[in-house]
Amino acid sequence: MLTDACNHAPHDTSPPSGNAMTHDFDHDPPHRNRGDDASRQVDLFDKSPPPWELVAAEETAIARVVFSQSPHGPYDYAIPDAIRSHIQPGSRVRVPLGRRRGGTMGWCIHVDMAGKSRHKLREISELLDEEPLCDPALVRLVLWIAHYYQAPAGQVFDTLIPSSVRSSAGTKQKTYFRADPKDLTEEIVAGLSPKQQAVARMLLAANAPMTAAQISIQVGCTEDPIRRLHKKGLLSSERRREQNSGMTTRWQINDGEAEKTHHLTDSQSDALKQINQAVESEKTKVMLLHGVTGSGKTEVYIRAIEHLVKFGRGAIVLVPEISLTPQTRGRFERRFDSVAVLHSQMTPAERHFQWQRIRSGEVQVVIGPRSAVFAPLPKLGLIIIDEEHDGSFKQDTQPRYHARKVAIARANSLGIPVLLGSATPSLESWHATRTGHAERLSLPDRVRDRAMPDVQLVDMRIKDDRTVGAISRPLHQAVQETIHENGQCILLLNRRGFATTIQCPSCGHVVACPDCDMPLTHHRDGGKAMCHYCDFCIATPPWCPACRFDGIRYGGLGTQKLEVEVKARFPNANVARMDSDTMRRPGSHQKVLSAFRSGKIDILLGTQMIAKGLDFPNVLLVGVINADSALHFPDFRAAERTFQLVTQVAGRTGRGDRGGRVIVQTYSPEHPAIQAASRHDYIGFAEDELVNRKKYNYPPWGSVARIIIRGTEEETTERIAEELVGRIEATRDLLKHEIRILGPAPPPIARLRGKFRFHALLQCPESGPLGETIRRACQDFRIPEKDDVQYVVDIDPMDML
């Protein structure tokens, strides 16, 4: 066994289970004084050794280490004397593991200088960090995430510390030389060659370490005299890893937005007062800033951080989309001296540079998507999550954390407030304000008393309102009028590509992905057919691959096809498209948004990345091409997502003095979500939807977990899925927990990336019993390698496909 080979006993680093996390907003995990609880051992085989063995156990310094790759640990290692004074939790170490040649990198999570072990422990080979990459509070956060989301702690560390930081991207080793007057007396210097004398006298006068390049420039010599002096032992040297000088950032400060100032409304002032009181209290508090689109939420954020900075503390601002980063960065750059941005389009060197700036304490505000919740601000005082309802705050790979829940857990650990902001809050956040887990701050009106835009629903089932193509007559006419008035338009279609299906009208064959149960999407750019789930790509077939019929047909509508239609209908308008196909290059978001703000673009069309948070005063019209694209998905959040998307994109207009209007094309105009969005009625929608959710105990009334089982053989995968769910049912009955289990059954996408898939949905009134049941059932569940089957536990899932 691996445990025997390593001579270590495995331990469970998970905090004790309980009902603390029934809601996102409970104030329990992880407290500042619970680090020891987080590393409690739960040995399955010998829990309590005899007293005489403990007495005989040898006292030694022990470090507990976890790994990102299997086996994940934790395992205990002896700490060599040479690094005892340096090693701390959060440090990376290299250790022997099993029979692997060479050392394995791991993360230290606990240090016990007076530990006892009944086994002879192997020693740590090397300490990789002079200073820990995680402070104690972040280590506690890692252990909480590993426990709650049931992910290996080593993988959580790898998520928390960017790979660019772990690899020291953008840095290089430099050797510094120093002269000591004790070694370089005047007699010794006098006996050196002229060049060596010059080097020695210069270093003695400088009384500071310098690189060979610096010395050569100062003295006007080659590096040879320096090397000779060092070889003689007359110069001491030390190696340092440093950031390359001249680090450039490839983005501008903002997207060209003009600075706007205004006096706070009464609602803004009241909200700001309550936020400042929460900051000054130095206690954890969750606040939901519910403000209609255009109500000035960002100004409240900025004023709150200005108050915070007076106390020498910093803030993290999370935004859902990269497209929001230039605008948000610009607004904060104009008001604060030091702002750092973290996002996926940065080079590794840039990301590492910004991370080190944040860690050093020179940054006041950190802006970024979900991963910025881990930013190592040494004096963090406030976490803000803008557009907190957005699904992108949920990670879709292991560890599958939600930034909102992690932010609240981190705030609990530090005793600081969390501010959530949205015009369409998630039902979890809204429910939390009703149950006392969060406080609601309201901004019911737009700034300067601007009216909310009028929303017109176009029933696409009525042929009189349709023209050939994606744009109805009312929308076509409205776009023409807007361009004539020198206004700008935003058109939303949440489907990228040109055509969503490629089908033969002769034999009915649909060109599909060989690895997924999904049709390929035709992309006109490059003439390719792509799978949007696994990125499989082929040249678009000119004839049917099955029957060779050359009249193959492209069906469905994507943003590329909409762009072609818009350019044909409005030839005099400048059109730009924003989706993940056109926004691949760094800085591309900012380039398009800057051109749109400056008026160089008349019509901006794209996917949901243009639907939220952006502020363009000259936008007079918003058109939603198909409001039903996600309305009928087999997902209990489908109505909520549709309402949020339509409401958010509608809020992009009417932000200037000329007002605005919205046209929503839909095949389901009578649907409650569409109706509520047309009235800008969030409260009405939320109350109705909460009633519907309560019938089935869906969140926020209960907790949900999803288990996905995937494998190469369908029958084997189904058998293991049934076996795993059977163990969960048995564990549930043993623990007497009230858990409803649905499945296993094939999900809507039954085959993905070459793997057959089955899933099961688990529902429970509270998250503690749900997590405990899954943890106990999966604790010793092993799948033979020959079966090639894996399973994933997704706590609080956002995706049911």
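Buried residues make up 55% of the 801 residues in this protein, where buried means under 20% relative accessible area, exposed over 50% and partly exposed in between (1.4 Å probe, protein chains only). The model is predicted: local features need pLDDT of at least 70, side-chain atom pairs count only at pLDDT 80 or more, and totals for chains, interfaces and linings use all residues. Residues are numbered from 1 along each chain as its sequence is written, and side-chain values use heavy atoms, with hydrogens and water left out.

**Exercise 1. Describe the overall make-up of the protein.**

Step 1. Start with the elements: the protein has 23 helices and 31 strands. Helices (H or I, at least four residues) and strands (E, at least two) are DSSP runs, numbered from the N terminus.

Step 2. Turn to contacts, meaning heavy atoms within 4.5 Å. Of the contacts with a separation of 6 or more, 76% are between residues 24 or more positions apart.

Step 3. Finish with the surface: about 35300 Å² is exposed, and carbon and sulfur atoms supply 48% of that area. Accessible areas come from the Shrake-Rupley method with a 1.4 Å probe; for residues, only the protein chains shown count as cover.

**Exercise 2. Decide which parts to read with care.**

Step 1. Use pLDDT, the predictor's confidence in each residue, from 0 to 100. Its average over the protein is 84, and 88% of the residues score at least 70.

Step 2. Look at the extremes among the elements: helix α1 (residues 2-6) has the lowest mean pLDDT, 37, while strand β14 (residues 417-422) has the highest, 96.

Step 3. Find the weak stretches. Residues 1-22 stay under 50 in pLDDT, although the model gives them 74 contacts beyond four places in sequence. Residues 31-47 are also below 50, with 34 contacts beyond near neighbours in sequence.

Step 4. Apply the caution: where pLDDT is low, the predicted coordinates should not be read in detail.

**Exercise 3. Examine the binding site that includes Cys513.**

Step 1. Take the record: an unreviewed UniProt entry places a "binding site" at Cys513, Cys516, Cys531 and Cys534. UniProt positions are given in the numbering used here, feature names are shortened, and annotations may be inferred rather than shown by experiment.

Step 2. Check the geometry of the four. They are spread over 22 residues of sequence but cluster in space, with a largest C-alpha distance of 8.7 Å.

Step 3. Inspect Cys513, in the loop between β18 (501-503) and β19 (521-523). Its relative accessibility is 5%, so Cys513 counts as buried. Beyond four places in sequence, Cys513 contacts Met518, Leu520, Cys531, Cys534 and Phe536.

Step 4. Inspect Cys534, in the loop between β20 (528-530) and β21 (537-539). Cys534 is partly exposed at 22% relative accessible area. Leaving aside neighbours within four places in sequence, Cys534 touches Cys513, Asp515, Cys516 and Arg753.

**Exercise 4. Do the same for the binding site that includes Cys544.**

Step 1. The unreviewed UniProt entry also gives a "binding site" at Cys504, Cys507, Cys544 and Cys547. These span 44 residues in sequence, yet no two of their C-alpha atoms are more than 8.6 Å apart, so they gather at one spot.

Step 2. Cys544 is in the loop between β21 and β22 (553-555), and Cys547 is in the loop between β21 and β22.

Step 3. Assign burial: Cys544 is buried at 0% relative accessible area, whereas Cys547 is partly exposed at 34%.

Step 4. List contacts beyond four places in sequence. Cys544 meets Cys504, Cys507, His509, Phe549 and Ile552; Cys547 meets Cys504, Ser506 and Cys507.

**Exercise 5. Classify the aromatic pairs.**

Step 1. Set the rule: rings of Phe, Tyr and Trp (its six-membered ring) pair if their centres lie within 6.5 Å; planes under 30 degrees apart count as stacked, over 60 as edge-to-face and the rest as tilted. A search of the whole structure finds 14 such pairs.

Step 2. Phe67 and Tyr75 are tilted, at 6.2 Å centre to centre with 45° between the planes. Phe67 and Tyr75 are buried.

Step 3. Phe374 and Tyr401 have centres 5.2 Å apart and planes at 65°, so this pair is edge-to-face. Phe374 is in the loop between β12 (365-368) and β13 (380-386) and Tyr401 in the loop between β13 and α14 (403-414), so the pair ties together parts that are 27 residues apart in sequence.

Step 4. Finally, ring pairs link Trp430, Phe643, Tyr682 and Phe685 into a cluster.
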